[in-house]
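User: I'm new to this structure and would like a close look at one part of it. Could you take me through the core and the spots around it?

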Amino acid sequence: SILTKKFQKEMNAGIASLVLLSVLEKSDGPMYGYQIAKLLEDYSGDTSFMKQGALYPVLHSLETSGLLESKVEPSVSGPPRRYYEITVEGSETLVVWQGVWKQMKSFVDRAIKGG
């Protein structure tokens, strides 16, 4: 339904930022969009929480905020790729956001269960 789509979209906005920072924090090195998308696909199983097209605006927004940085590198098999890496500020922000998420999650869980 339209209401469900709206709810998902609003929830996804903040969660996408948290998830992308987490993925890049754990990564051994810079990652490009498609790599990140494939990884998230593995995590989400049958349900696709974030379509690949929806990732790029979030990556761009995190970079504009100084939480990620990117560089374009040539690719052997096609167009150049933009690689993203988490910044020091991004890592510090992630710690705070993870704390916020834990509190929010336990609050929502309690509210849904009713106690």
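Analyst: Let's start with one leucine. Leaving out its neighbours within four places in sequence, L24 is in contact with M31, I36, L59, L68, Y84 and I86. Keep in mind while you look around that this is a predicted model.

L24 is a good way into the largest nonpolar core. That core has 20 residues, and L24 is among the four that touch the most other members, along with L20, I36 and L68. Where do the members come from? Helices α1 (2-26), α2 (33-44) and α3 (52-64) and strand β3 (78-86) each give the core at least two residues. The largest share is that of α1, with six residues.

It helps to place those pieces in the whole chain. The protein chain has four helices and three strands, and if you walk along the sequence you meet them in the pattern α-β-α-α-β-β-α. Taken along the principal axes, the C-alpha atoms fill a box of roughly 55 × 35 × 25 Å. The chain has 115 residues, and 27% of them count as buried. If you take the contacts between residues at least 6 apart in sequence, 47% of them join residues at least 24 apart.

Now go over to helix α3, where you'll find L55. Is L55 buried or exposed? Its relative accessible area is 1%, and because anything under 20% counts as buried, L55 is buried. Setting aside residues up to four places away in sequence, L55 touches L20, G33, I36, A37, L40 and M50. Two of those names may ring a bell: L20 and I36 came up above as core residues that touch the most other members. For a sense of distance, try V76: L55 and V76 are 21 residues apart in sequence, and their C-alpha atoms are 23 Å apart in space.

Stay on helix α3 and look for E63, which has its place there too. E63 has 26% relative accessibility, so it counts as partly exposed, the label for values between 20% and 50%. Not counting residues up to four places away in sequence, E63 touches L68, E69, S70 and Y84. L68 and Y84 should look familiar, as L24 is in contact with both. K26 is another matter: E63 and K26 are 37 residues apart along the chain, and their C-alpha atoms are separated by 17 Å.

From E63 you can step across to S70, which sits in strand β2 (residues 68-75). What does the side chain of S70 do here? It makes a polar contact of 2.8 Å with the side chain of E63. Another polar contact, of 2.7 Å, joins the side chains of S70 and R82. With residues up to four places away left out, S70 touches E63, R82, Y83 and Y84. So you can follow Y84 from several sides: L24 is in contact with Y84, E63 touches Y84, and S70 touches Y84.

Strand β2 holds a second serine worth a look, S75. Its relative accessibility is 16%, so S75 counts as buried under the 20% cut-off. The side chain of S75 reaches the backbone nitrogen of S77 at 3.2 Å. Leaving aside neighbours within four places in sequence, S75 is in contact with P80 and R81.

One last stop is G90, in helix α4 (residues 88-113). With a relative accessible area of 0%, G90 is buried. What is G90 in contact with, once neighbours within four places in sequence are left aside? The partners are L21, G66 and L67. Y32 is 58 residues from G90 in sequence, and the two C-alpha atoms are 17 Å apart in space.

Finally, step back to the outside. The accessible surface of the protein chain comes to about 8,100 Å², and 61% of it belongs to carbon and sulfur atoms. There are 13 positive and 13 negative charges, and their mean positions are 9 Å apart.

Key: Residues are numbered from 1 along each chain as its sequence is written. This is a predicted model: local features need pLDDT of at least 70, side-chain atom pairs count only at pLDDT 80 or more; totals for chains, interfaces and linings use all residues. Side-chain values use heavy atoms; hydrogens and water are left out. Buried means under 20% relative accessible area, exposed over 50%, partly exposed in between (1.4 Å probe, protein chains only). Contact means heavy atoms within 4.5 Å. Accessible areas come from the Shrake-Rupley method with a 1.4 Å probe; for residues, only the protein chains shown count as cover. Lys and Arg count as positive and Asp and Glu as negative; His and the chain ends are not counted. The place of a charge is taken as NZ of Lys, CZ of Arg, CG of Asp or CD of Glu. A nonpolar core is a set of buried Ala, Val, Leu, Ile, Met, Phe, Trp, Tyr and Cys residues joined through side-chain atoms within 4.5 Å. A polar contact is a pair of N or O atoms within 3.5 Å; within protein, one must be able to donate a hydrogen and the other to accept it, and residues adjacent in sequence count only if both atoms are side-chain atoms.
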